[in-house]
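Dear colleague,

Please find below the structure that I am handing over to you, together with its sequence. My notes on what was found in it follow directly after.

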Amino acid sequence: MKKIWWKEAVGYQIYPRSFQDSNGDGIGDLQGIVQRLDYVKDLGIDVIWICPMYQSPNDDNGYDISDYQAIMDDFGTMEDFDTLLREVHKRDMKLIIDFVPNHTSDEHQWFVESRESKDSPKRDWYIWRDGKKDKSGKTIAEPNNWESIFGGSAWEYDEKTDQYYLHVFSTKQPDVNWENSEARQAIYDQVNYWLDKGIDGFRIDAVSHIKKRKKLPDMPNPKEKKYVSSFDMHMNQKGIQPLLKEFKEKTYGQYDVMTVGEANGVSIDEADLWVGEKKGKMDMIFQFEHLGLWDAETNLQLDIVELKKVLTRWQKGLENNGWNALFIENHDKPRVVSTWGNDDEFWYESATSMAAMYFLMQGTPFIYQGQEIGMTNVQFDSIDDYDDVSAKNLYRIRREDGVAHEDIMRILWASSRDNSRTPMQWSAEGNAGFTTGSPWMKVNPNFKDINVEDQLKDENSVLSFYKRMIALKKEHDIFTYGIYDLILPEHHQIYAYTRTLEDEKVVVLTNLSTKDAICEDLDFKISLDHLLLNNLPVAAHDDTTTVVLKPYEARVYKLS
Ligand code: GLC
Ligand code: CA
């Protein structure tokens, strides 16, 4: 297997708005990140991914970019960015930024010009269509019935030119028309601006959405809904590969950087075209099949057998061709300890067991800020305390449908993206040490119990476990390059696998349930002398092929 720096790296995702405020305005910023770099380095991180820090009116917290070559005022200046990059490099880490190619802000100069008139030279840079009309030619409905990912129609009417523009995400995120070569080149120029600045790569936002179905047909609508979920028409569509190929060739393909695409809807069968060593368009993708197993409204119980099937498919599928990006949290998902885990009685155990389960697989693992201290979901009583545009849309639309306030809040408590966007919990001091001012989003009230400062002092904390686990991964090549094999596939409580590199072998055993779990008839003996990592004290035991794991217990052994 080819050895490459980014295969050996551990990534850490920062949501700048919620990481550290440096000037007391209540909003995290670039200087705040600089202040915390020693913490990140000490954790054992090699690559930092920061969510968008470009100029933006913040309809979707920076994913609506109004100028790709300027920094959001809330976050600082370009000088601050240059400082951040320098300080990251000084500590021998890398910095990747989040590039958004699928859409811009409606306040981006390109869109401002595009909406001016039907003859604007930039009209075709976005996706404009006539609405459906009545016999007299009057516009009466959207061009098609697609629903936006954030709720409501995917089309916004523009009075001036009596046409609609497409927005797969929020109304303030018009989709760029990737069929237009000038628009594509304009996007590439933005990417190259950052490459020339010396950043180390990109997370590429929503990249599986850049191609839309030809002619933008209506979705089938047997239930006669007003708008229909429209992923089938704009996610991973036929014809996307040539676009991705050109994107790569005209930008990052020319640099030694790492790229990880957010690739919702891509299955292992197509992975070769996305990340294969010869045909791939990027180094890794974030795939979402495993997170899709959990749905707040229907199913609160994690199906461990299914989880094993999905992740094993990706592990084996990319074994000798491609590379996995490993993750269980990000800024779009609720906190894993509150969903898959148990943030009550087994908070410590489940946070650490989930960690060992995914982190020691083959791939480049990412940790989302706060995951390493077991931050949990939050429950705000008022919709005013929520910020996320999709949460607000959901609330508004369901209220219009007559759903009770309490019922909607229960859904948001379980599923809102704001669960992972509350400020980072640095200490037990006011506002968790995030800001001296008034935070842009309320701090999770449990910061007195869950914070970095306390956990740094406690060798039995979630944070200390993460540090040991990261150090272990770095110490042994087998955790990077070793081949993954699932064991106990049918076990309903345990996720266990081996890693093999030449004549070395290790086994990762994790109980992901609230009950004791027995691993028996293992094909190998495990010996206490070879225990490499554990989240709970392990009693003395003889060499054995049977182990009983306590609720959410995790152990890693070397096998000889
Ligand atoms: C991605 C981002 C998400 C954002 C969306 C639109 O899914 O992770 O935060 O809202 O793209 O840019
Ligand atoms: Ca600030």
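A cavity here is a set of grid points, taken over the protein atoms alone, where a 1.4 Å probe fits but cannot get out. By this rule the model, which is a predicted one, contains 5 cavities of 30 Å³ or more.

The largest cavity holds about 110 Å³ of space. Its lining consists of Gln 287, His 290, Leu 311, Trp 314, Gln 315, Asn 324, Ala 325, Leu 326, Phe 327, Ile 328, Tyr 358 and Met 361. Two or more of these lining residues come from each of the elements α9 (304–317) and β16 (325–326). Helix α9 provides the largest share, with 3 residues. Sorted by class, the lining of the largest cavity comprises 8 nonpolar and 4 polar residues, and no charged ones.

I turn next to the calcium site. Which protein atoms serve as donors to the calcium ion (ligand 2)? They are the OD atoms of Asp 21, Asp 25 and Asp 29, together with OD1 of Asn 23 and the O atom of Ile 27, and they lie 2.2 to 2.4 Å from the ion. Along the chain, the donors of this calcium ion follow the spacing D-x1-N-x1-D-x1-I-x1-D. Two of these donor residues may be set side by side with respect to accessibility. Asn 23 has a relative accessibility of 52% and therefore counts as exposed, since the cut-off for that class is over 50%. Ile 27 has a relative accessible area of 13% and is therefore buried, the limit for that class being under 20%.

The last item is a sheet. It is open and has 3 strands in the order β6-β11-β10, with antiparallel pairing. The edges are taken by β6 (128–129) and β10, each of which has a single partner strand, so one side of each is left without a neighbour in the sheet. Strand β10 (residues 155–158) is joined to strand β11 (residues 163–166) by 4 bridges, and the two run antiparallel. Within this pair, Glu 156 has Tyr 165 of β11 as its bridge partner. The same β10 and β11 form a hairpin with 4 residues between them, and Asp 162 in the turn has a positive phi of about 50°. On the other pairing, β6 and β11 are joined in the antiparallel sense over 2 bridges, and Arg 129 stands opposite Tyr 164 in β11.

With kind regards

Key
Residues numbered from 1 in each chain as written. Chains lettered and ligands numbered in written order. Predicted model: local features only at pLDDT ≥ 70, side-chain atom pairs only at ≥ 80, totals over all residues. Heavy atoms only, no water. Donors = N, O, S within 2.8 Å, 3.2 Å for Na, K, Ca; no water. Buried < 20%, exposed > 50% of the residue type's maximum accessible area, 1.4 Å probe, protein only. 1 Å grid on protein atoms, 1.4 Å probe; cavity = no way out; pocket = protein on both sides within 12 Å on 5 of 7 lines; lining within 4 Å. Points joined across faces, edges and corners; volume = space filled by probe spheres on them. Nonpolar A, V, L, I, M, F, W, Y, C, P; charged D, E, K, R; others polar. Pairing = 2+ DSSP bridges.
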